[in-house]
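Welcome! Here is a short tour for anyone meeting this structure for the first time. Have a look at the model, then read on.

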Amino acid sequence: MYPTSRQQDAPLRRSARRAASIAAVLGACLALAGCAGTAAQGAGQEAGPAEPAPGGTLRFALGAAPQGVDPQQVGTNVSIYVARQLADSLTDQDPVTGRIEPWLAESWDISDDLTRFTFHLREGVTFSDGSDLTADDVKAGFDAIAGDLGATAPLAASYLAGYEGTEIADDHTLTVVFDAPNAQFLQATSTVSLAVLAQETAAVDPSERLQGEIVGSGPFVLESYTQDQGAVLTRRAGYDWAPASAAHDGEAYLDRIEFSVVPESGVRAGGLASDQFDAVGDVLPQDVPQIEGSGGTVLTRANPGVPFILQPNLTRPPLDDADVRRALLLAVDRTELVDTVLSDAFEPATGVLASTTPGYVDRSDRLAFDPDEAGRILGAAGWTPGADGIRVKDGEPLELEVTYAPVFTGSGPVLELVAQQLRAVGVDLRLRQVTAAEQTTAQQSGDYDLYYYNVTRADADILRTQFSTAQRNLSLREADDVVDPLLEEQLGERDADARAALVADAQDAILDDALAVPLFELSQSIGVRGDVHDVTFDASSRLLFHDAWIEQEG
Amino acid sequence: MTALRPPVRPAGRLAALARPATLVAALAVAVVLLWALAPGLFTGHDPVTGVPAERLQAPGAAHWFGTDHLGRDLYARTVHGTSLSVRAALLAIAVALVAGSAVGLVAGFTGGPVDEALMRGTDVLLAIPGLLLSLAVVTALGFGTVKVAIAVGVASVATFARVMRTQVLRVRHATYVEAARLAGAGRAAVLLRHVLPNAAGPVLALAAVELGAVILAVSALSFLGYGATPPTPEWGSLVAEGRDYLAVAWWYSTLPGLVVAVFVLAVGVLGRALAREGRTDR
């Protein structure tokens, strides 16, 4: 009565088959990445760049999945790469001078007290559904953001804080009214967050808008969008209202742009070298030789705004202790971060604003790497080294957790290295990787010790958005009489120099209280093939494809 | 009465294990188990703290497996990652073995509608690809090595239940079981003292064979990012971390991957030898 060998062998074979199939999957992953890595071909072109010619499809590999395609709701760089092409803004910020120039608004007047902004819209602009751009479209968009849409469009809502309403004088003239001075609003109208959409879009459900239910006036229109996979854009026929900073007027050159999501940077670089992609985002240092070796180039531009920082939650001990926070400022070796994990395109943070932001002041002396001083501060605050090297106070180890979403592909290695640096001074930093959606949830419920992020904006008012207790208040701190008043005051200051002085004081005040641990400045690092030309950055370092063109064969 | 006594297997017959391939496999498994128990004996490098200036160095005398993107010694990370990976695999096997055996034992011994219900349940589990089932479970449980182990274990329960049931069916009507019943032993006593010991052999051999598949599954989940949080090393996550550097640092994914492959093969060879042992016994 013993089992036949067939009976007994079946499960064994099954296991072996399963082992083999899992091994095959793992092997395939490796092989894919490996082949992509070695299949580099000489893709450089011999002749000099020809004249821009219309036509062609640009295949772009994004480093992370977009949140959606609604310009007003999205905030991550990869999302904006897609969304920025679909809609235009009232104004355009010149990437070189930083000045605000006309776009959909031909001109504007601002009242002396900075509360009333009157825009005169350009004639002849149409949305992709054929309807004309009117003052009603702008009003509907602003009303929605100040109303229900604000919950899912935090950035846009913060630009419209204090919004009282929009008065319409005629079809092409409107006045946006605020209840208090608002020095940042004119720059805000140039951002993708306040891009102008057709008024029908304002009535659409926010989640459907993210999936593509939007109508804009941009140089491209959305053909399809698949969450976590990519998007396809096609040229907008009849587009004729590019801003002055664009190299040419009229329609875009490219027929189509195909965005796909490729999270592994090595696969993106290999795909560029082997002609699967024409351009790739988030190029990491180890990929640069491969891209340049195959005839491509790496375009970079530093993002203005708040650099990547760790923002402490002041309601969580031990981060309620300002000394612990100050020690963190000195315990991070920012130069080592950039040299080890990031490429030459990146810079160590030298303050709570990135160096390309108007109003930035260099405070690198306050952020110099000094582990001894960090250790001394912690010791003086009662944190003594424990048995395993981690400091202890009243029996509690000095443990912190950083919550981060991998929206920038270098984030994981950067934070691992930060953890290693902090461990050297006796701080145990744990990494908690979450999805972008989970990060939003964690932020809303205050469930984090340290919040890792950056925000791109070419105006110092971003400090108020991120640090004022009346705004996002990621530090969850109580209102104070130093930081908050400075941030409010700069918003009402019409004189540029006086505003810059207030902003400088605010940057110092934030460091005094160690409300942020700056790490490094984000740069957009884009790899493009040799036959792709004129992919450009806007003032906020986001990509524009209106001028881009591909050399056509024959 | 001697004829009615249950046959007892000789404890460990080493003759069939003495083939060269089996010996090499046993050696490999022994080394890896020692890595898991006493990693400090095999490497003096710190697995979590690296020297950033020595990043991405090729394998050499100083660093046998080279270094990773933060200048950490990859051999040290592989050795120190063994403990977590192997412990997770053993836990997964334990979950599958205990739960699967219990289901198979009850189904085989009880028969009737209970048997039907339990076996149709395992059929459903078998219909779902193992890794997919593990992914579903780990997504519900959350991240972490223990949760990965449970998820992988759950996916293997059905296989164990099947084998155990077959064995119980074989033993259930054996003469010594009938005799024990006639002698007045209770159902539980018969089940635990007579049926279980005599049905356990092939199930334990299956556990040895499954170990290889389970280690791969645990590594696969950790490769996908469900395992330990960085910087804690784990076999699967080591392979995953190296993906971005394949073009410039071939050793990063390759060497930890080879260790996994060799260990899984060795466990497989050893498990098959044990299974053969079990079969020639009877």
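## The build of chain B

Reading chain B from the N terminus, the order of elements is α-α-α-α-α-α-α-α-α. In other words, chain B holds nine helices and zero strands. Please keep in mind that this is a predicted model.

How far does the C-alpha trace of chain B span along its principal axes? The answer is about 75 × 45 × 25 Å. Among contacts in chain B with a separation of 6 or more, 72% link residues that are 24 or more positions apart.

## Surface and charge of chain B

Chain B has 282 residues, and 51% of them count as buried. Its exposed area comes to about 12200 Å², and 70% of that is supplied by carbon and sulfur atoms.

The charged side chains of chain B number 22 positive and 14 negative. The centres of these two sets lie 12 Å apart.

## Two places to visit in chain B

Start with Ala102(B), which sits in helix H2, covering residues 74-110 of chain B. Is Ala102(B) buried or exposed? Neither label fits: its relative accessible area is 40%, and because buried means under 20% and exposed over 50%, Ala102(B) counts as partly exposed. Leu84(B) is 18 residues away from Ala102(B) along the chain, and the C-alpha atoms of the two are separated by 27 Å.

Next comes Leu56(B), found in the loop between helix H1 (20-37) and H2 of chain B. Leu56(B) is a residue other than glycine, yet its phi is positive, near 50°.

## A negative patch on chain A

Which residues form a negative surface patch? They are Glu106(A), Glu123(A), Asp132(A), Asp136(A), Asp170(A) and Asp171(A). To find one of them, look at the loop between strand E5 (116-121) and helix H3 (135-146) of chain A, where Asp132(A) is located.

## Backbone details in chain A

Two loops of chain A are worth a look for their backbone geometry. In the loop between helix H7 (265-273) and strand E11 (279-280) you will find Asp275(A). Asp275(A) is not a glycine, but it has a positive phi of about 70°. With a relative accessibility of 37%, Asp275(A) is partly exposed.

The other loop runs between strand E13 (305-312) and helix H9 (322-331) of chain A, and Pro318(A) lies there. The peptide bond leading from Pro317(A) to Pro318(A) is cis, with omega near 0°.

Definitions and conventions. Residues numbered from 1 in each chain as written. Chains lettered and ligands numbered in written order. Predicted model: local features only at pLDDT ≥ 70, side-chain atom pairs only at ≥ 80, totals over all residues. Heavy atoms only, no water. Helix = DSSP H or I, 4+ residues; strand = E, 2+ residues; numbered from the N terminus. Buried < 20%, exposed > 50% of the residue type's maximum accessible area, 1.4 Å probe, protein only. Contact = heavy atoms within 4.5 Å. Areas by Shrake-Rupley, 256 points an atom, 1.4 Å probe, with all protein chains shown as cover. Lys, Arg positive; Asp, Glu negative; His and termini not counted. Charge placed at Lys NZ, Arg CZ, Asp CG, Glu CD. Patch = residues over 30% accessible without salt bridge, like charges linked within 9 Å, V, L, I, M, F, W, Y side chains within 5 Å. Salt bridge = Lys/Arg side-chain N within 4 Å of Asp/Glu carboxyl O.
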